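Work through these exercises with the model open beside you. Try each task before you read its solution.

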Amino acid sequence: MEPPDITVDGTGLLCVTLLLRLRARIADAAPGTIVHVIATDPAAPLDLPAWCHMTGHAYLGEVRGGDRPVYALRIAADARTTRPDAPWHRAGN
């Protein structure tokens, strides 16, 4: 797995709050940027791939070997944005 360009620490956060933090951190990230997301919410293994699918970012999977759950994604050039207050809704909806 490639080393991250950005790490988002979502330890202790529920996925909605985690996605709000993730969205804010990657807002200005260049396409191809590798992001590692630390996520302790048990729903993260389902929610992160679903969010990537919705937005168009590439979900790269779990990063093995750490002491906390970490998931990787790659920023897409043509990603669809979400609402700043609602990460499960596309912008403009």
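**Exercise 1. Find the order of the strands in the sheet, then its edges.**

Step 1. Four strands make an open sheet, ordered β1-β2-β4-β3, with mixed pairing. Strands are DSSP runs of E of at least two residues, helices are runs of H or I of at least four, and both are numbered from the N terminus. Two strands pair if DSSP finds at least two bridges between them.

Step 2. The edges are β1 (6-10) and β3 (58-63), and each pairs on one side only.

Step 3. On average, neighbouring strands here are turned by 20 degrees against each other, direction ignored. Axes are lines fitted to C-alpha atoms, for helices over the stretch in contact; angles between N-to-C directions run from 0 to 180 degrees.

The model is predicted: local features need pLDDT of at least 70 and side-chain atom pairs 80 or more, while totals for chains, interfaces and linings use all residues. Residues are numbered from 1 along each chain as its sequence is written, and side-chain values use heavy atoms, leaving out hydrogens and water.

**Exercise 2. Give the direction of each strand pair.**

Step 1. β1 and β2 (residues 34-39) run parallel, joined by five bridges. Threonine 7 has histidine 36 as its bridge partner in β2.

Step 2. β2 and β4 run antiparallel, also with five bridges. Here valine 35 stands opposite leucine 73.

Step 3. β3 and β4 are antiparallel over five bridges. Alanine 58 faces arginine 74 of β4. Six residues lie between the strands of this hairpin, where glycine 65 has a positive phi near 105 degrees.

**Exercise 3. Place the two helices against the sheet.**

Step 1. Helix α1 (residues 15-26) packs on the sheet and touches β1, β2 and β4 (70-74). Its direction makes about 160 degrees with that of β1. Contact means heavy atoms within 4.5 Å.

Step 2. Helix α2 (residues 44-55) lies across β2, β3 and β4, at about 5 degrees to β4.

Step 3. Four of the five residues of β4 are buried. Buried means under 20% relative accessible area, with a 1.4 Å probe and protein chains only.

**Exercise 4. Which polar partners does aspartate 41 have?**

Step 1. Locate aspartate 41 in the loop between β2 and α2.

Step 2. Aspartate 41 is buried but has no salt bridge. That would need a side-chain nitrogen of Lys or Arg within 4 Å of a carboxyl oxygen of Asp or Glu. Arginine 21, the nearest side chain of opposite charge, is 12 Å away.

Step 3. The side chain of aspartate 41 has a polar atom 2.8 Å from the backbone nitrogen of cysteine 15. It also reaches the backbone nitrogen of alanine 43 at 2.8 Å.

Methods
Buried < 20%, exposed > 50% of the residue type's maximum accessible area, 1.4 Å probe, protein only. Lys, Arg positive; Asp, Glu negative; His and termini not counted. Polar contact = N/O pair within 3.5 Å; in protein donor to acceptor, adjacent residues only side chain to side chain.
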